[in-house]
Amino acid sequence: MARMGFDISREKLDALREKYPQGCRVELIKMDDPYREMPVGMHGTVTGVDDSGSIHVNWDNGSSLAVLYKEDVCRKLYGKEAVDALFEKIVGCRFESYGEMERWFRRELGAPLPQLSIVECDGINAEIENGESEVDYSTDCTFGEKIFGMDYADFTINYILDNEKRMYVTYATWN
């Protein structure tokens, strides 16, 4: 049964909201807007799905045009849930560098991450090197601002160094 004033059923609307939760990333497949050209392949972050089924997106080019139900097309790239699963998957992996960790996340998510940054956590790592602390080494990591429905999508990866000085990941979590 269609909802009054809208050409979308409650079931379809609920399914869209589940598929495109706030913070998930999408890629534009098709958009017909006579006032603004949006390039196919543009990525953005979903801010919500309204009662008409339109998917509201903050696009990486600064636009905030909605993907209109039954007119425009986008596809989901990844969401916070996918990153949560990667936090579990990365434990036990070994890396030669922080750059290698970044490449791993990009490859696993299968989509561009506009602001991903993984760097050494200077303070605690210096204490570890000087024998002042016996905890794991740590990283400062971020996916950037306004992604995954978070103001700042910052996270930490803890690791130890193996005999070849490779980083052996012991823990990963959101900050």
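Me: Two strands pair if DSSP finds at least two bridges between them. With that in mind, in which sense do β7 and β8 pair, and over how many bridges?

Reply: Let us start with the general idea, which is that strands of a sheet pair through backbone hydrogen bonds, either parallel or antiparallel. In this structure, which is a predicted model, β7 and β8 pair in the antiparallel sense, and 6 bridges join them. You can locate this pairing residue by residue, since I147 stands opposite M150 in β8, while T142 has D154 of β8 as its bridge partner.

Me: Which other strands pair with β7 or with β8?

Reply: On the one hand, strand β6, which covers residues 117-120, pairs with β7 in the antiparallel sense over 4 bridges, and there V119 has D140 of β7 as its bridge partner. On the other hand, β8 pairs with β9, again in the antiparallel sense, over 7 bridges, with Y168 in β9 as the bridge partner of I160.

Me: How many residues lie between the strands in the hairpins of β7 and β8 and of β8 and β9, and which residues have a positive phi?

Reply: The hairpin formed by β7 and β8 has 2 residues between its strands, and F148 in the turn has a positive phi of about 60°. The hairpin of β8 and β9 has 5 residues between its strands, and in it K165 takes a positive phi near 65°.

Me: F148 lies in the loop between β7 and β8; is F148 buried or exposed?

Reply: A residue is called buried when its relative accessible area is under 20%. F148 has a relative accessible area of 4%, so it is buried. To see what surrounds F148, leave aside its neighbours within four places in sequence; the residues in contact with it then include Q22, T45, Y78, G79, V83, F143 and W174. One of these, G79, is 69 residues away from F148 in sequence, yet the two C-alpha atoms are 6.1 Å apart in space.

Me: Is A82 buried, exposed or partly exposed?

Reply: A82 has its place in helix α2. Its relative accessible area is 31%, which falls between the cut-offs of 20% and 50%, so A82 is partly exposed. As an exercise in tracing distance, note that the C-alpha atoms of A82 and V119 are separated by 21 Å, although these residues are 37 apart along the chain.

Me: Which residues have the most contacts inside the largest nonpolar core?

Reply: The general idea is that in soluble globular proteins, nonpolar side chains tend to be buried together. Here the largest nonpolar core has 30 residues, and those with the most contacts inside it are F105, F143, F155 and I157. At least two residues of this core come from each of β4 (73-78), α2 (80-90), α3 (98-109), β7 (137-147), β8 (150-161) and β9 (167-174). Apart from this core lies another, of 17 residues, among them I8, Y20, C24 and M31.

Me: With which residues is I157 in contact, leaving aside its neighbours within four places in sequence?

Reply: The contacts of I157 include I90, M101, F105 and I118, and also Y137, C141, V169, Y171 and A172.

Me: In which order do the 4 strands of the open sheet stand?

Reply: An order is read by stepping from one strand to its partner, and here it runs β3-β2-β1-β4, with antiparallel pairing. The edge strands are β3 (55-59) and β4, each of which pairs on one side only, and the twist averages 45° from one strand to the next. Within this sheet, strand β1 (residues 25-30) and strand β2 (residues 43-49) pair over 3 bridges, and E27 has H43 of β2 as its bridge partner.

Me: How many helices and strands does the chain have, and why is the chain said to be more spread out than a compact globule?

Reply: The chain has 4 helices and 9 strands, and from the N terminus on they run α-β-β-β-β-α-β-α-β-α-β-β-β. Its radius of gyration is 20 Å, well over the 16 Å that the globule rule gives for 175 residues, so the chain is more spread out than a compact globule. Taken along the principal axes, the box filled by its C-alpha atoms is roughly 65 × 35 × 25 Å. Buried residues make up 41% of the 175 residues.

Methods:
Residues numbered from 1 in each chain as written. Predicted model: local features only at pLDDT ≥ 70, side-chain atom pairs only at ≥ 80, totals over all residues. Heavy atoms only, no water. Core = buried A, V, L, I, M, F, W, Y, C linked by side-chain atoms within 4.5 Å. Buried < 20%, exposed > 50% of the residue type's maximum accessible area, 1.4 Å probe, protein only. Contact = heavy atoms within 4.5 Å. Axes fitted to C-alpha atoms, helices over the stretch in contact; angles between N-to-C directions. Rg over C-alpha atoms; globule rule 2.2 N^0.38 Å.
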